[in-house]
Each structure stands twice: as C-alpha cells, then as structure tokens.
Amino acid sequence: MIVRHRSLLILTSVLTTGALTLTACGSRDDDKKGSSGDTTQVVIGVDAPLSGDLSAIGIGIKNSVDLAAKTANKNKEVPGVTFKIEPLDDVANPSTGGQNATKLVGDDKVLGVVGPLNSSVAQSMQKTFNSANLLEISPANTAPELTQGAKYATKKERQFKSYFRTATTDALQGPYAAQYAYKTLKLKTVYSVDDKKTYGAGLARTFREEFTKLGGKVVATDHINPDDRDFGAIATKIKNSKADFVYYGGEYPAGAPLSKQIKDAGAKIPVVGGDALQSADYVKLAGKNAEGDFATSVGAPPEKLDTAKKFISAYNAGGYKEPYETYGALSYDAAWAIIQAVKTVVNDNDGKLPSDARAKITEAAQKVSFNGVTGQVSFDEFGDTTNRTLTVYQVKDGKHVPVKTGELED
C-alpha cells in the first residue's frame, strides 16, 4: 500500500471518432442526466480508510480516483458521460466495508468501485458486489485467495467475476522479498512477525516459504496485535534470538513502532516488510530507527516511469493537499479501467448505457487493455493484473528509496 501518480492526456485509449451524444432518451433514467441535461452521470465509488491510522494511504487513493474522473470529463473520454466519485470511509474495518458495499450497490448510478485498501475488508465486500454484478477493482489488495481461492497454491479457482485488482499478489511479493534478503543482502536467519490479519499473515507465510526454500532459517515465528504499540517484550525476544533481520507482515501503524523498539532494545538489524510499510508515515513514526529498513511494493516507482510523469504533474497541479502515497498510480489505473469498460459498453450500445449496464461493464473489464500510469494495464483469467513488477525500497536519509525493481525469479 503506498505512492504513485498520472496525467491528463497520456493516459490510454484514443477517443473514438464521431462523438456520441447521450440525450435524455438515451439515459438509463432521467435522474442520471448531468446538470447540463445532455449527459449521463456515472458514479465511481471509492472505498478506503479516509480516517484513522491508515488514512494517509486512503486519501491518496481517493484523490487519485478523483483525478481520473476529472481527466475523463475534461477529455470527454466517454462522449455523453460525466463521471463523479462517491468516496466512503471504511476505517480499515471489514464490517464498515461491508456496509459501504451495500450502500454503493443500492445507488444505481454507481457502475464501478475502486477499493478497498485492506484485503480483510475486501473479503467483506466481494460477495455483495458480485451478487449485483458491480465491478470492483482494488489498487492495493494483495492476498492471493481473493482472486484465486484458499487453495491457490495447488489449485487456482476464480472466486468472483466482478472482482479485479491492479496490484499484484503476495504470492509474488513475499517470495520477491525473500530472494532479495537471501541473495542480495546475504541474510541467512530471520525472526518472522505478523499481525494475524489476512494481508499480514499471508504475506509473512509466503515470505517464510521462499526464504526456507532458498536455504534461510526462520529462528522464530511470532504474532502481535495490530492495535498494540508497546512491543518491548517481543523486541527483547528478537534481540536474544540473534536473527540477522526481522520480517514483518502487517501495516505501518504497528510496524513502525515495532521497528523503533527493536533497535531501542539493542538489536541493530533491519526490518523487512511489504507494501504496507512503504509509506512516509512509517518513517515519521519510527524516526531515525527506520534507517536501513526495507519494504517491497507492487509495481515500479512511478517517479521513474515515463508513463507516470503526466499523472504526477497533474496530481501536483490538482490542488490536492495530501500526497498520492503508495497506491495513487494504481488507483488512477483502477479508475481508468472502469472508465474504459464504461466506454466499451457505451460504444457497443449506440452511445447509450443499457439497462444491464453493471453486468456489461463487469464483462467489458475482463478485456480492458491500455497503457496506464503504471505500465500496461490488463487482467488475467482470475482478475489479477498481468503486471508482475515489484520494487524493493530502503529507508535512506528519511525516505523510501527504490533499490531494485524487477520480477520474481522462477
């Protein structure tokens, strides 16, 4: 979960020649007309933590989707359609996410949803969206079972036809971190810690499996409560274990104080984690003890992608007070995928949205393909992104700096 951006003109598809005009008779309902009376309004829902510990990331998601909608409107990406967003705060809570899913389904103007951030929240939303044929694209969920089922390691099976994601999975991210730690950093022993949540526990498990396969040793496996902030006891255990490093599966609100207290206890070893640690807030919370820590993240660094330059410029010019954070670019691409699916359905239906627009848009999303902020955007048969790129970041001089970008080695 962390940083990216994108722009107004570069983004993908070429506008179809011959403008399509959606009049009142071409709308699904009269109340879908825009304020000008000659456009159909399509709402893109956004579900993310907009308050609480993870709000920095959630607001970056919301802002990036907002930028995509404004870009589509400015460029008349779908002639006759005006996009707006409906952001809902799930406070990183599965129960609240489930309530938000019901609310979004109940608004028939909502034809796609970007989010959520947390894999555990996604589990409470998928069935509701799928039952309503409402397209959902997460820019941040990385738990493999969301798309491929609980037995994904031995038998992959598509779970929900309406669920997609622009973020790659922990089946790649955990092993990628293990390969970097063992082969590049030459670290041989690890103390594994996770927060017992869907994302953290799954990420730590895939890391341990690859690390031991490479020849590394897991000296201990431990768990914490993600709401705790006093980790003195486990920090002492880590120091006494003499492990070369700690792998933490979880998010930065707990990961940062854990890192700080490990160093304060006398264990001057790095903490390695996933994309949920690659936030500026991780460094703020851990202070100088964050120096030298590592975090993997999905995709390439936006700042190094030619395709992201206009996104970053447009975001900075858009008046957003908060940074796009870890998932900004992936959120923009998720929103743009929804916009492209809407465009396909409108083009195929003589410039109008059909009565079964949600089902048709979900179907169209499966075939979406465009050059986005993060590179080529398309989805495989499970709804997963076909972009398998990952990046390792290290905290240097108070910032996460990319040190390696590539794909998992076979």
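**Close-up views of a predicted model**

**View 1. Two neighbouring strands, β9 and β10.** Strand β9 (residues 271-273) pairs with strand β10 (residues 294-298) in the parallel sense, over 2 bridges. Look for V272 here: its bridge partner in β10 is F294. Keep in mind that this is a predicted model. Its pLDDT averages 91 over the protein, and 91% of the residues score at least 70. Residues 1-36 are another matter, with a pLDDT below 50. Even so, that stretch has 142 contacts in the model beyond near neighbours in sequence.

**View 2. The 7-strand sheet and a helix that packs on it.** Zoom out from β9 and β10, and you find them in an open sheet of 7 strands, in the order β7-β6-β8-β9-β10-β13-β14. The pairing in this sheet is mixed. Which strands sit at the edges? They are β7 (217-223) and β14 (399-406), each of which pairs on one side only. From one strand to the next, the twist averages 25°. Helix α8 (residues 232-241) packs on this sheet, where α8 touches β6 (189-194), β7 and β8 (245-249). The direction of α8 makes about 165° with that of β6.

**View 3. The 5-strand sheet.** Here is another open sheet, this one made of 5 strands in the order β2-β1-β3-β4-β5, with parallel pairing. At its edges are β2 (81-89) and β5 (163-165), and each pairs on one side only. The twist in this sheet averages 25° from one strand to the next.

**View 4. Strand β3 and its partners.** Now move in on β3 (residues 110-114). Is this strand mostly covered or mostly open? It is mostly covered, with 5 of its 5 residues buried. Strand β1 (residues 40-48) pairs with β3 in the parallel sense over 4 bridges, and V46 stands opposite V114 in β3. Strand β4 also runs parallel to β3, and 2 bridges join the two. There, V113 stands opposite E136 in β4. As you follow a strand along, remember that in a regular strand the side chains alternate between the two faces of the sheet.

**View 5. Two helices lying across β3.** Helix α12 lies across β1, β2, β3 and β4, and runs at about 155° to β3. Helix α13 (residues 357-365) lies across β3 and β5, running at about 40° to β3.

**View 6. Helix α11, with a buried face.** Four residues to pick out in α11 (residues 309-317) are F311, I312, A314 and Y315, which are buried. Seen down the axis of α11, the buried residues fall within an arc of 165°, so they line one face of the helix. What do they pack against? Their partners are α1 (55-75) and α12 (328-347). Turn to the other side of α11, and you meet K309, N316 and A317, which are exposed. After α11 comes G319, with a positive phi near 85°.

**View 7. The nonpolar cores.** The largest nonpolar core has 106 residues, and the ones touching the most other members are F83, V193, F245, Y247, I262 and F311. Helix α12 gives the largest share of this core, 13 residues. There is also a second, separate core of 11 residues, with L88, V110, V113 and F129 among them. Back in the largest core, take a closer look at I262. Leaving aside neighbours within four places in sequence, I262 is in contact with A235, I238, V246, A267, I269 and V271.

**View 8. T142, a buried loop residue.** T142 has its place in the loop between β4 (136-138) and α5 (145-148). Why does T142 count as buried? Its relative accessibility is 0%, and buried means under 20%. Which residues does T142 touch, not counting those up to four places away in sequence? They are S119, R165, A167, T168, T169, D170, Q173, Y199, D275 and V298. L172 is worth finding in this view too: T142 and L172 are 30 residues apart in sequence and, C-alpha to C-alpha, 9.3 Å apart in space.

Technical notes: Residues numbered from 1 in each chain as written. Predicted model: local features only at pLDDT ≥ 70, side-chain atom pairs only at ≥ 80, totals over all residues. Heavy atoms only, no water. pLDDT = per-residue confidence, 0-100. Contact = heavy atoms within 4.5 Å. Buried < 20%, exposed > 50% of the residue type's maximum accessible area, 1.4 Å probe, protein only. Arc of directions from axis to C-beta. Core = buried A, V, L, I, M, F, W, Y, C linked by side-chain atoms within 4.5 Å. Pairing = 2+ DSSP bridges. Axes fitted to C-alpha atoms, helices over the stretch in contact; angles between N-to-C directions.
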